[in-house]
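Student: I should like to learn how to read a protein structure feature by feature. May we work through one together?

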Amino acid sequence: MKKIIALGGSNSKNSINKTLAVYVANKVANSETIVVDLNDFNLPLYSIDLETSKGIPEEAIRLDNLINTADGVVISLAEHNGSYSVAFKNAYDWMSRIDKNVWKDKPMLLMATSPGGRGGASVLQAANASFPRLGAKIVADFSLPSFYDNFSNDGLTNEALSNDLKQKIDLLQEAL
Ligand SMILES: Cc1cc2nc3c(=O)[nH]c(=O)nc-3n(C[C@H](O)[C@H](O)[C@H](O)COP(=O)(O)O)c2cc1C
């Protein structure tokens, strides 16, 4: 049984990105989904001074360990003003201080969604540029635009998007 991390890059209780990440991770065959909700990790705002005086928070080490135990990562990033949400960037920055290889060379399906028509295209671009330098093996990326028009509880309602996503889930499956 493979372990798939489903991570929403947001601290919103009703995060659409968490919803998408969990939905997609659950589609990976012969796997169990480990949901990572950033609200469950109580991390102070990253500061070099805090790191120097108090070290790396235990909660960041716990998150790093979770990534270590996984076989693959499904992540969907919230876009705030064209970039990462503060909650995600903060966790990412802390993790990068534990190990530059944040993503541990695990196969990753990288996604973003937003209620708008660009579907988090800017944050997806940022992550595509940065994540591989921190150890992500991105097998595919996927942007879901206009989340509330294209997603229902049963999944993606747009056939073209749904077919595209299926192919990308297959790529992740093959890489596990
Ligand atoms: C401070 C802030 C900035 C935002 N900036 C963007 C943006 O640049 N692009 C975008 O598509 N949506 C933007 N949004 C809308 C988010 O995409 C929307 O809140 C979405 O639900 C966030 O994902 P989440 O539900 O997973 O947290 C912004 C929302 C907030 C609160």
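The dialogue that follows takes up the burial of residues, the nonpolar core, a helix pair, backbone angles and the ligand shell.

Tutor: Please keep in mind that this is a predicted model.

Student: Let us begin with burial. Is Gly-119 buried or exposed?

Tutor: One counts the other C-beta atoms within 10 Å; a residue with 20 or more is buried, and one with 12 or fewer is exposed. Gly-119 is buried, because it has 22 such neighbours inside 10 Å. Its place is the loop between S6 and helix H5 (121-130).

Student: Which residues does Gly-119 touch, leaving out those up to four places away in sequence?

Tutor: They are Ala-112, Thr-113, Ser-114, Ser-143, Leu-144 and Pro-145. Pro-145 also shows how sequence and space may be read side by side: Gly-119 and Pro-145 are 26 residues apart along the chain, yet 3.6 Å separates their C-alpha atoms.

Student: What is the separation in space of Asn-158 and Gln-173?

Tutor: These two residues are 15 apart in sequence, and their C-alpha atoms are 22 Å apart. Asn-158 belongs to the loop between strand S9 (155-156) and helix H7 (159-175). Asn-158 is partly exposed, since 15 other C-beta atoms lie within 10 Å.

Student: How is Lys-89 classed by its C-beta neighbours?

Tutor: Lys-89, a residue of helix H4, counts as partly exposed because it has 16 C-beta neighbours inside 10 Å. Its C-alpha atom is 9.7 Å from that of Leu-45, with their positions 44 residues apart along the chain.

Student: How should one read a nonpolar core?

Tutor: In soluble globular proteins, nonpolar side chains tend to be buried together. Here the largest nonpolar core has 45 residues, and Ala-21, Val-74 and Met-111 have the most contacts inside it. Helix H1 gives the most to this core, namely six residues.

Student: Which residues are in contact with Ala-21, apart from its neighbours within four places in sequence?

Tutor: Ala-21 is in contact with Ala-6, Leu-7, Gly-8, Val-74, Ile-75, Ser-76 and Met-111.

Student: How do the axes of helices H3 and H4 cross?

Tutor: One considers the approach of the two axes and then their angle. The axes of H3 (residues 58-69) and H4 (residues 86-98) come within 9 Å and cross at roughly 80 degrees. H3 is therefore roughly perpendicular to H4. On H3 the contact is made by Ala-60, Ile-61, Leu-63 and Asp-64, and on H4 by Ala-91, Trp-94, Met-95 and Ile-98. By class, these residues are seven nonpolar, no polar and one charged.

Student: What is the sign of phi at Asn-30?

Tutor: Asn-30 has a positive phi of about 50 degrees, although it is not a glycine. It is located in the loop between H1 and strand S2 (31-36), and it counts as exposed because it has 8 C-beta neighbours inside 10 Å. Asp-105, not a glycine either, has a positive phi of about 60 degrees. Asp-105 lies in the loop between H4 and strand S6 (107-113) and counts as exposed, with 9 C-beta neighbours inside 10 Å.

Student: Finally, which residues come nearest to the ligand?

Tutor: There are 16 residues around the ligand, and Ser-10, Ser-15, Asn-17, Ala-78 and Ser-114 come nearest. Helix H1 (16-26) and strand S4 (79-80) each supply at least two residues of this shell. Sorted by class, the shell has three nonpolar, 11 polar and two charged residues.

Conventions
Residues numbered from 1 in each chain as written. Predicted model: local features only at pLDDT ≥ 70, side-chain atom pairs only at ≥ 80, totals over all residues. Near = placed C-beta within 6 Å. Helix = DSSP H or I, 4+ residues; strand = E, 2+ residues; numbered from the N terminus. Nonpolar A, V, L, I, M, F, W, Y, C, P; charged D, E, K, R; others polar. Axes fitted to C-alpha atoms, helices over the stretch in contact; angles between N-to-C directions. Parallel < 35°, antiparallel > 145°, perpendicular 65-115°, else oblique. Contact = placed C-beta atoms within 7 Å. Core = buried A, V, L, I, M, F, W, Y, C linked by C-beta atoms within 7 Å.
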